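Here are some short exercises on rings and helices. Try each task yourself before you read its solution.

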Amino acid sequence: MPTYVRWSLGLATAALVIVVPAVHFRAVYTHGKRLREVTPGKFYRSGEMTAAGFREAIALYGFHTIVNLQDEYPDPDLAENYFGGGTEKQSKLCRQLGVRYVYLPPDLIPRRQVPARRPEAIDKLLALLDDPASYPVLIHCRAGLHRTGVMTAVYRMEYEGWTPGQAIEDLKANGFGEWPCTAANDYITQYILTYKRGLRHNQSVVRSQ
């Protein structure tokens, strides 16, 4: 067998063994990007999935509300799937499926105002979650790790009685990272370490589309 044929067969085999599984993994990962149950039947978290992924999740869990936490993308263009197929605005997708779409970017306040004040996003989230009609609810950011993590922590502390320490351990277990989980991180301080249960500073109406 000529050398070039052997090389061609070797490269083709390598592609089948390495490239194809890797592409398949990325397609599956993007489709349901870190979709996880926090409280079954009630509260869920994820990253930004594909349009097909959101449709499948909505059909499976029956979400009433989807909360987008991405401050840089108020209404993201969702790829139909990993391989393309066009894009669709997330708000439009939610309208088509009868799901409430909420844009709720986590904010920060000046350090000197902590703990007398807290970020407005906390009270907006609580106003949403205090309403039984909001459930089941899915919150997501781009990766489903950091912004989603701190807002999930607020939910855990307020409605499930978790301590800040438990919330931080949950952050680490869900990919937030060890070194960012300190008081030097303003999100950790303002959303978790100084959090006080039961307060309702401002029943702000969250923005739906």
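Let's start with a group of rings: Phe43, Tyr155 and Tyr159 form one aromatic cluster. The model is predicted, so local features need pLDDT of at least 70 and side-chain atom pairs pLDDT 80 or more, while totals for chains, interfaces and linings use all residues. Residues are numbered from 1 along each chain, and side-chain values use heavy atoms, leaving out hydrogens and water.

**Exercise 1.** Find how the rings of tyrosine 187 and tyrosine 191 are arranged.

*Solution.* Step one: a search of the whole structure gives six aromatic pairs (ring centres of Phe, Tyr or Trp, taking the six-membered ring of Trp, within 6.5 Å; planes under 30 degrees apart are stacked, over 60 edge-to-face, the rest tilted). Step two: the ring centres of tyrosine 187 and tyrosine 191 are 6.0 Å apart and the planes are at 25°, so this pair is stacked.

**Exercise 2.** Decide for tyrosine 187 and tyrosine 191: buried or exposed?

*Solution.* Buried means under 20% relative accessible area, exposed over 50%, and partly exposed in between (1.4 Å probe, protein chains only). With 28%, tyrosine 187 is partly exposed. With 0%, tyrosine 191 is buried.

**Exercise 3.** Name the residues of H5 that meet H6, then sort the residues of the contact.

*Solution.* Step one: with contact meaning heavy atoms within 4.5 Å, Gly149, Val150, Ala153, Arg156 and Met157 in H5 meet Pro164, Ala167, Asp170 and Leu171 in H6 (helices are DSSP runs of H or I, at least four residues, numbered from the N terminus). Step two: the residues of this contact divide into six nonpolar, one polar and two charged (Ala, Val, Leu, Ile, Met, Phe, Trp, Tyr, Cys and Pro are nonpolar; Asp, Glu, Lys and Arg charged; the others, Gly among them, polar).

How values were computed:
Helix = DSSP H or I, 4+ residues; strand = E, 2+ residues; numbered from the N terminus.
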